[in-house]
Amino acid sequence: MVDVKKIAVLGAGQMGNGIAHVCAQAGFDVKMRDIEQRFLDRGFETIKKNLGRSVKKGKVSQEEADAIVGRITGVLSLEDAVKDADLVIEAIPEVVQLKLDTWKEVDKLAPDHAILASNTSSISITQMAAVTGRPEKFIGMHFFNPVPVMRLVEIIRGAATENATVEVIKEVSAKLGKETVIVNEAPGFAVNRLLVPAINEAIFAIQEGVATVEDMDKAIKLGLNWPMGPLTLADFVGLDTLLYISDYFVEEFKDSKYRAPALLRKMVRAGWLGRKDGKGFYDYSGDEPVPMRF
Ligand SMILES: NC(=O)c1ccc[n+]([C@@H]2O[C@H](COP(=O)([O-])OP(=O)(O)OC[C@H]3O[C@@H](n4cnc5c(N)ncnc54)[C@H](O)[C@@H]3O)[C@@H](O)[C@H]2O)c1
């Protein structure tokens, strides 16, 4: 079985920097790769900010926090990121062709023993595995946002994923302090198959004038005991990611019940992508989020 010591994380965005953070915190040697220095800088800033909070709460010491950051190397070259990795975890945008092109390259550059894991929210693991020469070592490792806080990793088996690969990923996830469930490949796996239609339904209701943004969130928070309302959650996930997933579901399931609301598409076209860009169903430019009116 592969003894994982070095992990390459592709993407330093919302998910990538969180994954790099928890891997380094668990003692792994981490390379975090993005395509521009400013994205790497933003990733490191977030990691430091989140660790700073843990230091304040007394969960880790300042020395430990510094050591965690020290175990992460930011790189721009894909080759440098993966050439000596035992495990590659990909968290680049949810765009099928981008992921396929990236995996083809990674397969050429990573050592033969390396396991390849995608943090995709919806895209077929089997489809990505098939562009590599090692589909038995390809797997889905689906983290949740924010990664340092959320306890689940959904492990997804593709058609050719072998048991030894599943075992390694279970072991790595346990070292990261995460609980796991193992699911067979299907669009959206288990969690997003429920979550994405639920969020979309809330957006349809806003679009139809059923409730305001804040009332819909309040209703679901207090009525269903969700920790946050569906529109706040949509802003956390990223509206572009939600739209990609909805469009992908329609294509894969051939069922229009998964279609994205027109309002979601309009917001993405306007560049309102949620929390990461300062505006979505709420405006985050002030001290407190302000609900948008539609
Ligand atoms: N946001 C969520 O709640 C969530 C949860 C689980 C899984 N995911 C999945 O994680 C993945 C990333 O989502 P995110 O929310 O972190 O997106 P994001 O937009 O915050 O980050 C993506 C990062 O990837 C970088 N990037 C683009 N092309 C790249 C390449 N070729 N190599 C390396 N980096 C590249 C971008 O510059 C950006 O920094 C997607 O597949 C998404 O579906 C997201």
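## Helix H8 and the glycine after it

Just past helix H8 sits Gly209, with a positive phi of about 75°. This is a predicted model, so keep that in mind as you look around. H8 itself runs over residues 191–207. Does its length add up, and what should 17 residues at 1.5 Å each span? They should span 24 Å, and the end C-alpha atoms of H8 are 24 Å apart, which agrees.

Now look at which residues of H8 are tucked away. The buried ones are Asn192, Val196, Ile199, Asn200, Ala202, Ile203 and Ile206. Seen down the axis of H8, these residues fall within an arc of 155°, so they line one face of the helix. Here's the idea behind that: an α-helix has 3.6 residues a turn, so residues three or four places apart point the same way. What covers the buried residues of H8? The cover includes helix H9 (213–224), helix H10 (230–237), helix H11 (239–253) and helix H12 (262–269).

## Helix H2, worked the same way

Try the sums again on helix H2, residues 37–56. At 1.5 Å a residue, its 20 residues should span 28 Å, and the end C-alpha atoms turn out to be 28 Å apart, which agrees. Leu40, Gly43, Thr46, Ile47 and Leu51 are the buried residues here. Their arc, looking down the axis of H2, is within 125°, so they line one face of the helix.

Over on the other side of H2, you'll find Gln37, Arg38, Glu45, Lys49 and Lys56, and these are exposed. Covering the buried residues of H2 are, among others, H1, strand S2 (29–33), helix H3 (62–70) and strand S3 (72–75). After H2 comes Gly58, and its phi is positive too, near 80°.

## Two buried residues to visit

Ile19 lies in helix H1. Is Ile19 buried or exposed? It has 28 C-beta neighbours inside 10 Å, so Ile19 counts as buried. Leaving out residues up to four places away in sequence, Ile19 touches Val9, Ile89, Ala91, Asn119, Phe143 and Val147. Ile19 and Lys175 are 156 residues apart in sequence, with 13 Å between their C-alpha atoms.

Ala81 is in helix H4 (residues 78–82). With 24 C-beta neighbours inside 10 Å, Ala81 counts as buried because the cut-off is 20 or more. Its contacts, again skipping residues up to four places away in sequence, are Ala8, Leu10, Lys31, Arg33 and Val75. The C-alpha atom of Ala81 is 9.6 Å from that of Asp34, a residue 47 places away along the chain.

## Unusual spots in the backbone

Two residues have a positive phi although they are not glycines: Phe189, at about 55°, and Asn225, at about 65°. Phe189 lies in the loop between strand S8 (179–184) and H8, while Asn225 is found in the loop between H9 and H10. Which is buried and which is exposed? Phe189 is buried, with 21 other C-beta atoms within 10 Å. Asn225 is exposed, with 7 other C-beta atoms within 10 Å.

There's also a cis peptide bond to spot, joining Asn145 and Pro146, with omega about -5°. Pro146 lies in the loop between strand S6 (138–142) and strand S7 (152–157).

## Around the ligand

Which of the 27 residues around the ligand come nearest? They are Gly11, Gly13, Met15, Ser121 and Asn145. You've met Asn145 already, on one side of the cis peptide bond. Helix H1 (residues 14–25) gives the most to this shell, with 3 residues.

By class, the shell has 11 nonpolar, 12 polar and 4 charged residues. Both domain 1 and domain 2 take part, each giving at least three residues to the shell.

## The two domains

The domain assignment gives domain 1 (6–184) and domain 2 (191–289). Their centres, taken over C-alpha atoms, are 25 Å apart.

How many residues of each domain are in contact with the other? There are 8 in domain 1, which are in contact with 11 in domain 2. The side of domain 1 that touches domain 2 is made up of 2 nonpolar, 4 polar and 2 charged residues.

Terms used: Residues numbered from 1 in each chain as written. Predicted model: local features only at pLDDT ≥ 70, side-chain atom pairs only at ≥ 80, totals over all residues. Helix = DSSP H or I, 4+ residues; strand = E, 2+ residues; numbered from the N terminus. Expected span 1.5 Å × (residues − 1). Buried ≥ 20, exposed ≤ 12 C-beta atoms within 10 Å, placed from the backbone. Arc of directions from axis to C-beta. Contact = placed C-beta atoms within 7 Å. Near = placed C-beta within 6 Å. Nonpolar A, V, L, I, M, F, W, Y, C, P; charged D, E, K, R; others polar. Domains from an automatic or database assignment.
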